Amino acid sequence: MKFKAVLSDRGLRVLEKGFLPTLEKLGKRCQLLLSPEDVHLIQAVADTDGLQVTARLANVVLFEEEGFKCQSRYNNQIAFSVDIALLLKVLRAAVGHDADALEMKLAMRSVPCTGAGGPTQQRPTLAFSWRGHNVTMVQELPISQPYSQRDVEELVRQRDIASLSPFYIDLQDEALADKMKGMSSELLMVTTRHGDLHLQVHTAGVEFGTEIRGLSVLPATAREGLEPIQGETPEQRLQEVQAVGESAQVVLLQRHLAKALHSSQLTQPAQLLCGIAERGTHVHMMFVYRDPFSDGGYDDHVSLCIKLPVRDSEDALYGAPG
């Protein structure tokens, strides 16, 4: 098992300024899945208090081509978990010293066992070495034991689970987190094929909510054949689309939605697509980024997805009344 690479300037910036601080807000640890094509940063529900998070960064974004090596008996895939704060500390130290050629590689470190003169243990590390202004630094970051083939295959299976929703609405330009302040712990979320979002709270005999209209809907075919909505109030419009099956709804925790929305602040996606899976099994949020090297194009080398659990999928089916 071998991994060795040199972080590019863009790769260091994307990790240190964007994705790692974003993941750190969701949980203390993440799993790294390395391959010859890309790196996945994965947080399971146990890491984040319920959210499943997957960030994908292509190697052409993260690493210099020269000297890259990723080899293992498991289809050249390597996986382990790491403390995000410690990894960020290493990267920020390199940035602070204007590091040149930040090299990283898997290594083993001999650690003495308890007791003087005792035997040593071999522990895995992710070793960083770099030269900066008047300083040469080597830092070894403790990591978990590299995953077995079975664990790697399970992580790949989680990564590859198809989770696309029938349609998505784009929330990127909406200050939705501010609109949710003061709402109770549970929310009813309704998305419609017309591009409307409804958030409602029903608690202690009090009902209130918010409606956002005219959002972009993807794919564009999701809006084909729709009749204009006639309702004059938010409640009338909601009942209208529910009656004809042009909506999806779930009950979810306010804190989960707030965390997912705040995840866009550091990585600055061009689109923040929100969809509800068929039969309301989860909420799927996809962060879509601009290609910095093209005018108006999207970057398929970088992505972030978050799955939000729901409270009651049986009573929140497509088009079902609330």
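Helices (H or I, at least four residues) and strands (E, at least two) are DSSP runs, numbered from the N terminus. This report applies these terms to a predicted model, in which local features need pLDDT of at least 70, side-chain atom pairs count only at pLDDT 80 or more, and totals for chains, interfaces and linings use all residues. Residues are numbered from 1 along each chain as its sequence is written, and side-chain values use heavy atoms, with hydrogens and water left out.

## The chain as a whole

The chain contains nine helices and 18 strands. Along the principal axes, its C-alpha atoms fill a box of roughly 75 × 50 × 35 Å. Of its 322 residues, 48% count as buried; here buried means under 20% relative accessible area, exposed means over 50%, and partly exposed lies in between (1.4 Å probe, protein chains only).

The accessible surface of the chain comes to about 16,400 Å², and carbon and sulfur atoms account for 48% of that surface. Such areas come from the Shrake-Rupley method with a 1.4 Å probe, and for residues only the protein chains shown count as cover.

A contact means heavy atoms within 4.5 Å. Among contacts between residues at least 6 apart in sequence, 65% join residues at least 24 apart.

The chain carries 32 positive and 41 negative charges, and the mean positions of the two sets are 9 Å apart. Lys and Arg count as positive and Asp and Glu as negative, while His and the chain ends are not counted. The place of a charge is taken as NZ of Lys, CZ of Arg, CG of Asp or CD of Glu.

## The nine-stranded sheet

Strands of a sheet pair through backbone hydrogen bonds, either parallel or antiparallel. In this report, two strands pair if DSSP finds at least two bridges between them. Nine strands form an open sheet in the order β6-β2-β3-β4-β18-β17-β16-β10-β14, with antiparallel pairing. Strands β6 (78-83) and β14 (217-218) stand at the edges with a single partner strand each, so one side of each is left without a neighbour in the sheet.

At the β14 edge, two bridges join this strand to β10 (residues 168-170), and the two run antiparallel. Ile169 has Val217 as its bridge partner in β14. The peptide bond from Leu218 to Pro219 is cis, with omega near -10°, and Pro219 is placed in the loop between β14 and α7 (234-243).

Within the sheet, strand β17 (residues 282-288) holds Met285. This methionine is buried, at 0% relative accessibility. Among the residues that Met285 touches, not counting those up to four places away in sequence, are Leu171, Leu257, Cys274, Leu304 and Cys305. Met285 and Leu304 are 19 residues apart along the chain, and their C-alpha atoms are separated by 8.4 Å.

## Strands β11, β12 and β15

Strand β11 (residues 186-192) is mostly covered, since six of its seven residues are buried. Seven bridges join β11 to strand β15 (residues 247-253), and these strands run antiparallel. One of the residues involved is Glu186, whose bridge partner in β15 is Leu253.

His198 lies in strand β12 (residues 197-203) and is buried, with a relative accessible area of 3%. Its contacts, not counting residues up to four places away in sequence, include Leu188, Met189, Val190 and Thr192, as well as Pro234 and Leu238.

## Positive phi angles

The table presents two residues other than glycine with a positive phi.

| Residue | Phi | Place | Relative accessible area |
|---|---|---|---|
| Asn76 | near 60° | loop between β5 (69-71) and β6 | 30%, partly exposed |
| Ala101 | near 60° | strand β7 (residues 100-112) | 48%, partly exposed |

## Cysteines without disulfides

A disulfide is a covalent bond between the sulfur atoms of two cysteines. In this report, the term denotes a pair of cysteine sulfur atoms within 2.5 Å. How many disulfides does the structure hold? The structure holds zero.

The distances for two cysteines illustrate this result. The sulfur of Cys30 is 16 Å from the closest cysteine sulfur, that of Cys305, which is too far for a bond. For Cys305, the closest cysteine sulfur is in Cys274, at 12 Å, again too far for a bond. Cys30 is buried, with a relative accessible area of 1%, whereas Cys305 counts as partly exposed at 24% relative accessibility.
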